[in-house]
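Got a few minutes and a structure viewer open? Work through the exercises below, then check yourself against the solutions.

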Amino acid sequence: MATVTPAEALPENPFVQDIEEELPSPTSLVVFGGTGDLAARKLLPAVYNLRRGGLLPQKFDVIGIGRRAGDHKRFRRHAHDSIAEHSRTGLDDDTWKTLESRLEFLQGDFDDPKLFKELAERLARHDSRGGPRQRVFYLAVSPAFFGTIAKSLASVGLGAGAERPTRLMIEKPFGHDLETALALNDEISSAFDESQIFRIDHYLGKETVQNLQVMRFANGILEPVWNRRYVEHVQITMAEDIGIGRRAAYYDSAGAMRDVIQNHLMQLLSLVAMEAPVRFDANTVRDEKVKLLRSVRRYTQDEVPDYVVRGQYGAGWVGGEEVPAYIREENVPDDSRTDTYVAMRVEIDNWRWAGTPFYLRCGKRLSRRVTEIAVRFRPVPHLPFARADIGEVEPNELVLSVQPDEGASLRLVAKIPGQSMYVRPVQMEFKYGTSFLGDSPEAYERLLHDALLGDATLFTRADEVEEEWRIIQPILDTWRAESNGPAIYEAGSQGPPEADELLAVRGRRWRQI
Ligand code: BG6
């Protein structure tokens, strides 16, 4: 691959970083669902910011495919407005001008073979205009179309064995359960080679999630204590203050377990707990993650109630605003038993972690938005100080904060200045905002750029997705058979009290959200 310093590409641009980045080959990016919500909020702004950062090749076109009537002009206007509204750097006219004419629209039904013939012709025209391009197909559409689109692309020579480098990017959800995920993997792999398939879990594109690996594997002091001998337990929290908005059609049949535990939290778990990969390349890293996921204990139906708690938000107050109960949200049935909160204890049956529980917790309409990983170390074996009551001797805790206050902090115990031997916890802190200048790229920018470069390290491999489903499937089966539904928690609270019981052994308690 050719490399340029981004500064050569767009010299006067303040958003260009001074680190040399690789530049992708000439590309045609095809977005199925080009006029949809995801394209508007994430993809088009990501394309724009990559262009602005000098990270796209000169020859780069986007074909947005939509089912409703449209034309290039309307699509460009839509892209302009979406970028203006959602881009993290706003919209600057000079960059927009370099992109505008590269955006095209193609209308068609995803199950109509004619669309794919036209697409193949359009792509061939791009090639004849300025030399061959690689093709990247992005499926920002309902999962019901994933298989059909993949197979239709292959039927016109745009899948496995295509004459140009070709990639397929797929959004979640990847399957509704283990069975459908396996079937989908089969269907897609009949049309594309696994090396061409880039399954997105946008958490892997987050700067702080990538930093987790740097923290673990570039700092020598952590490895000796990163195991069951020194770590008492780990808490991984992904709390949100938002409700489900207008996503009832998807969310009510998914629930928190499928929506975020199966993917984002399982990814965080594997990155925290996996062994060190020998190289940071796609297959080596993913081999380690799969190995870790395989060592996560599968619960029997009898065990599920002891290890997993599900909840659903009731009415309450969040951020000073009164909000309705989940069952009063638009298009949610009154008797819905969908989980909007899950807390679970995960046991990892391997030499590094046996006996050290990992607690995962996620939920909507909690008191605030926070994603973090808290590693609680074992207490000291003996306190040599004379007085019994010297203050709060809390064990050390390392907290990696994914969002919103990106950074890390380590809790230590320190002496309070003065004549007496009193102590209290203090924090050693690193914050992205103060340690590094500049804005981090959005997860979608990083992921799109990596896919354009053909680097699959931050994408989920078929066997990874399958292992994630294998872990949660027994829980979903148990819930389906249970007569009682989720515990109701007040919106704006810390979640259902039942989740506290899950943790309440050996003085453990959840960190305050
Ligand atoms: C998505 C889920 O994958 O992640 C949403 O479908 C959730 O329900 C979102 O709100 C959270 O992402 P982030 O990046 O805001 O933490």
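Helices (H or I, at least four residues) and strands (E, at least two) are DSSP runs, numbered from the N terminus. Keep in mind that this is a predicted model.

**Exercise 1. Find out how helices H10 and H14 pack, and what sort of residues they bring to the contact.**

Solution. Start with the axes: those of H10 (residues 282-294) and H14 (residues 462-481) come within 9 Å and cross at roughly 15 degrees. Angles under 35 degrees count as roughly parallel, so H10 is roughly parallel to H14. The handedness of this H10-H14 crossing is left-handed.

Next, the residues. From H10 you should pick out Arg286, Lys289, Val290, Leu293 and Arg294, which meet Asp463, Glu464, Glu467, Glu468 and Ile471 of H14. Sort the H10-H14 contact by class and you get seven charged, three nonpolar and no polar residues.

**Exercise 2. Zoom in on glutamate 464: is it buried or exposed, and which residues does it touch?**

Solution. Glutamate 464 belongs to helix H14. Its relative accessibility is 0%, and buried means under 20%, so glutamate 464 counts as buried. Leave out residues up to four places away in sequence, and glutamate 464 touches Gln267, Arg286, Lys289, Val290, Leu293 and Phe459.

**Exercise 3. Do the same kind of packing analysis for H2 and H13.**

Solution. The axes of H2 (residues 37-52) and H13 (residues 443-453) come within 9 Å and cross at roughly 65 degrees. Angles of 65 to 115 degrees count as roughly perpendicular, so that is the label for H2 relative to H13. The H2-H13 crossing is right-handed.

Now list who meets whom: H2 supplies Leu38, Lys42, Leu43, Ala46, Val47, Asn49 and Leu50, while H13 supplies Tyr444, Glu445, Leu448 and His449. Class by class, the contact of H2 with H13 has seven nonpolar, two polar and two charged residues.

**Exercise 4. Place strand E9 among its partners: which strands does it pair with, and in which direction do they run?**

Solution. Take E14 (residues 370-377) to begin with: eight bridges join it to E9, and the two run antiparallel. In this pairing alanine 239 sits opposite valine 370 of E14. Then take E13 (residues 358-363): six bridges join E13 to E9, and here the strands run parallel. Methionine 238 is opposite cysteine 362 of E13.

Finish with burial. Nine of the nine residues of E9 (residues 231-239) are buried, so the strand is largely enclosed by the rest of the structure.

**Exercise 5. Track down two backbone oddities with positive phi, at asparagine 331 and arginine 365, and decide how accessible each residue is.**

Solution. Asparagine 331 is not a glycine, yet its phi is near 65 degrees. Look for asparagine 331 in the loop between E11 (321-323) and E12 (341-346). With a relative accessible area of 66%, asparagine 331 is exposed.

Arginine 365 isn't a glycine either, and its phi is positive at about 55 degrees. You'll find arginine 365 in the loop between E13 and E14. Its relative accessible area is 14%, so arginine 365 is buried.

**Exercise 6. Where do the cis bonds to proline 173 and proline 404 sit?**

Solution. Lysine 172 and proline 173 are joined by a cis peptide bond with omega about 0 degrees, and proline 173 lies in the loop between E7 (166-170) and H7 (178-189). The bond from glutamine 403 to proline 404 is cis with omega near 5 degrees, and proline 404 lies in the loop between E15 (397-403) and E16 (407-415).

Definitions and conventions: Residues are numbered from 1 along each chain as its sequence is written. This is a predicted model: local features need pLDDT of at least 70, side-chain atom pairs count only at pLDDT 80 or more; totals for chains, interfaces and linings use all residues. Side-chain values use heavy atoms; hydrogens and water are left out. Axes are lines fitted to C-alpha atoms, for helices over the stretch in contact, and angles run from 0 to 180 degrees between N-to-C directions. Angles under 35 degrees count as roughly parallel, over 145 as roughly antiparallel, 65 to 115 as roughly perpendicular and the rest as oblique. A crossing is left-handed if the near helix is turned anticlockwise from the far one by less than a right angle, and right-handed if clockwise. Contact means heavy atoms within 4.5 Å. Ala, Val, Leu, Ile, Met, Phe, Trp, Tyr, Cys and Pro count as nonpolar, Asp, Glu, Lys and Arg as charged, and the others, Gly among them, as polar. Buried means under 20% relative accessible area, exposed over 50%, partly exposed in between (1.4 Å probe, protein chains only). Two strands pair if DSSP finds at least two bridges between them.
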